[in-house]
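Colleague: I have a few questions about this model, if you have a moment. Could we go through them one at a time?

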Amino acid sequence: MKKILFTICLLTAIISGRAENYPYRSDALWVTVPNHADWLYQTGEDAIIEVQFYKYGIPRDGVVNYSVGTDLLESDHQGMASLKNGRASINIGTMKTPGFRDLRLQIEVDNQRYTHHVKVGFSPEKIQPFTQEPADFLGYWRQAMEKDKKFPLKYTKEFIPEMSDGTTDCWLIHLELNAQGQSLYGYLLMPKDAQRGSCPVVLTPPGAGVKTIKEVTSRPYYQENGMIRFVTEIHGLDPRMPESYFEEMRRAFESKDHGYLTRGLDDRDRYYMRHVYLGLVRCIDFLTSLPEWDGSNVITMGGSQGGALSIVAAALDHRVTQCVANHPALSDMGAGSTGQTSGYPHFRADRGQYTEATLRTMSYYDVVNFARHISCPTYLTWGFNDNTCPPTTSYAVWNVLQCRKTSLITPINEHWTSDATNRAQMEWIKGNLK
């Protein structure tokens with residue numbers, strides 16, 4: 001196993017080719033420095049964090065109100081610390097069991113409130129998921145895939161000149177998924193003048209939400225390095241629709257109580273994500289039908305919900321030869337039913353989302369159970385400060401992977417990856433081609 005560990009305390013953002021302050025165009029800067037450089041501790045070991053606060057680059061004194069809680073859970077300890085020359089040290093204690101603690105900070109300076117937080121881990125390599133695998137997990141999905149195989153491959157293909165250039169040809173694909181009429185759209189990005197049998201294929205499913213397909217042309221280096229990308233949505237919505245249409249649909253279908261990730265949650269056969277998971281296999285059917293495919297390399301890659309779907313696809317379809325996932329969502333979703341840290345979409349008991357029926361369904365759709373069955377090389381990236389897909393659940397996924405695996409851990413990151421990380425993932429893919 002190859003493991004890359006980056007610890008970053010200060011960043012420089014490059015905007016439009018010009019250097020900007022970190023954080024971007026903010027007068028205030030928090031710096032939090034754990035006394036372990038990798039932000040990791042053993043259970044039973046106290047973590048001490050130096051807190052620094054600057055405004056206009058000048059250290060400021062004042063009283064910091066802080067609270068400490070387990071990753072994504074309510075705070076269980078509060079206190080105050082006085083900044084002297086802009087600095088103070090806070091002992092946040094320890095954990096008896098593997099996990100993460102979150103130090104949440106607040107200060108008022110010049111009649112304005114500033115907040116920040118930092119998470120550190122305690123023996124996270126020992127984190128194990130709450131979610132258990134059903135005895136018929138693989139059988140359930142194999143049966144569903146066998147049924148879908150009977151539906152022929154059907155799609156339309158439309159050339160999109162405004163997304164094509166000297167290196168890339170772009171088509172909009174409308175792919176039918178099953179006999180029930182469900183479908184998805186995706187942009188197929190192909191190296192210009194690609195030769196028959198020459199190109200690896202990369203499936204890029206989307207992050208969560210009802211939205212158009214974004215950042216279609218933001219990573220041209222895939223096509224420049226001879227790879228075909230298929231960047232998709234999951235709802236069967238034409239990405240060319242006006243944004244106002246998507247906004248109306250979000251208001252109608254993405255409320256906290258009635259979002260698509262809760263639809264049909266009490267029945268594994270009616271859950272909304274069933275056709276999405278199975279649709280990943282149909283996407284691979286499409287990509288491997290292209291005459292330009294090299295006949296060997298099939299890669300899945302994405303972040304958040306897209307990271308989850310990349311793992312699901314790699315587990316369901318053994319044609320996948322590499323998997324790249326950033327901070328995967330849909331991981332250890334049922335853990336919240338016992339007051340533990342759960343992954344996005346953070347189901348809640350007070351909304352009736354944890355019942356015997358829903359927990360059963362979750363076990364068939366949880367990414368940790370798919371991760372157990374991946375056999376191809378897998379690259380996983382996550383940050384500690386992520387409150388959308390918390391590090392606790394990313395470690396739950398990482399720790400059950402039995403394949404050859406590589407990690408890039410970026411402690412300061414919240415729910416994002418840098419351009420440099422995105423480019424490095426392509427280089428990793430390129431270096432692991434068959």
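Colleague: Which residue forms a salt bridge with Arg-250, the closest N and O atoms being 2.3 Å apart?

Modeller: Happy to start there, with the reminder that this is a predicted model. The partner is partly exposed, with a relative accessible area of 42%. Its salt bridge to Arg-250 brings the closest N and O atoms to 2.3 Å, and the residue is Glu-243.

Colleague: How many salt bridges does the model have?

Modeller: One of them pairs Asp-317 with Arg-319, with 2.6 Å between the closest N and O atoms. Asp-317 has a relative accessible area of 6%, so it is buried, whereas Arg-319, at 30%, counts as partly exposed. Some bridges share partners, and these join Glu-243, Glu-247, Arg-250 and Arg-251 into one network. The count of salt bridges comes to 23.

Colleague: Asp-136 also forms a salt bridge; how many residues apart are Asp-136 and its partner?

Modeller: The partner is Arg-268, and the closest N and O atoms are 3.3 Å apart. Arg-268 is buried because its relative accessible area is 16%, under the 20% limit, while Asp-136 counts as partly exposed at 33%. Asp-136 is in the loop between strand S12 (112-122) and H1, and Arg-268 is in the loop between helix H3 (243-253) and H4. The pair therefore links distant parts of the chain, and the separation is 132 residues.

Colleague: Now the helices: at roughly what angle do the axes of H1 and H4 cross?

Modeller: Two packed helices are described by the angle between their axes and the distance between the axes. Here H1 covers residues 137-149 and H4 covers residues 273-289, and their axes come within 10 Å. H1 passes H4 in a right-handed crossing. The crossing angle is roughly 65°.

Colleague: How many charged residues are there in the contact of H1 with H4?

Modeller: H1 brings Tyr-140, Trp-141, Ala-144, Met-145, Asp-148 and Lys-149, and H4 brings Arg-274, Tyr-277, Leu-278, Val-281 and Arg-282. Seven of the contact residues are nonpolar and none is polar. The number of charged ones is four.

Colleague: And in the contact of H4 with H5, how many residues are nonpolar?

Modeller: H5 spans residues 305-316; its axis and that of H4 come within 10 Å and cross at roughly 65°, and the crossing is right-handed. On H4 the contact is made by Met-273, Val-276, Tyr-277, Leu-280, Val-281 and Ile-284, and on H5 by Gln-305, Leu-309, Val-312, Ala-313 and Leu-316. One contact residue is polar and no residue is charged. The nonpolar count is ten.

Colleague: Which element gives the largest share of the largest nonpolar core?

Modeller: That core has 106 residues, and those with the most contacts inside it are Leu-103, Trp-141, Leu-188, Met-273, Tyr-277 and Ile-311. Beyond four places in sequence, Ile-311 touches residues including Cys-323, Pro-328, Phe-370, Leu-380 and Val-397. A second, separate core has twelve residues, among them Tyr-221, Leu-408, Trp-428 and Ile-429. As for the largest core, ten of its residues come from the element with the largest share, H4.

Colleague: On to the backbone: which peptide bond is cis, with omega near 20°?

Modeller: Most residues other than glycine have a negative phi, and most peptide bonds are trans. This cis bond leads into a proline in the loop between strand S19 (322-326) and helix H6 (356-365), namely Pro-345. The bond runs from Tyr-344 to Pro-345.

Colleague: Asp-110 and Asp-332 both have positive phi; is Asp-332 buried or exposed?

Modeller: Phi of Asp-110 is near 55°, and that residue sits in the loop between strand S11 (99-109) and S12. Asp-110 counts as partly exposed because its relative accessibility is 46%. Asp-332 has a phi of about 50° and lies in the loop between S19 and H6. Its relative accessibility is 6%, so Asp-332 counts as buried.

Colleague: Last one: what is the relative accessible area of Asn-413?

Modeller: Asn-413 is in the loop between strand S21 (405-409) and helix H9 (419-431). Leaving aside neighbours within four places in sequence, Asn-413 is in contact with Gly-383, Phe-384, Asn-385 and Asp-386. Asn-413 is buried, and its relative accessible area is 4%.

Technical notes. Residues are numbered from 1 along each chain as its sequence is written. This is a predicted model: local features need pLDDT of at least 70, side-chain atom pairs count only at pLDDT 80 or more; totals for chains, interfaces and linings use all residues. Side-chain values use heavy atoms; hydrogens and water are left out. Axes are lines fitted to C-alpha atoms, for helices over the stretch in contact, and angles run from 0 to 180 degrees between N-to-C directions. Helices (H or I, at least four residues) and strands (E, at least two) are DSSP runs, numbered from the N terminus. A crossing is left-handed if the near helix is turned anticlockwise from the far one by less than a right angle, and right-handed if clockwise. Contact means heavy atoms within 4.5 Å. Ala, Val, Leu, Ile, Met, Phe, Trp, Tyr, Cys and Pro count as nonpolar, Asp, Glu, Lys and Arg as charged, and the others, Gly among them, as polar. A salt bridge is a side-chain nitrogen of Lys or Arg within 4 Å of a carboxyl oxygen of Asp or Glu. Buried means under 20% relative accessible area, exposed over 50%, partly exposed in between (1.4 Å probe, protein chains only). A nonpolar core is a set of buried Ala, Val, Leu, Ile, Met, Phe, Trp, Tyr and Cys residues joined through side-chain atoms within 4.5 Å.
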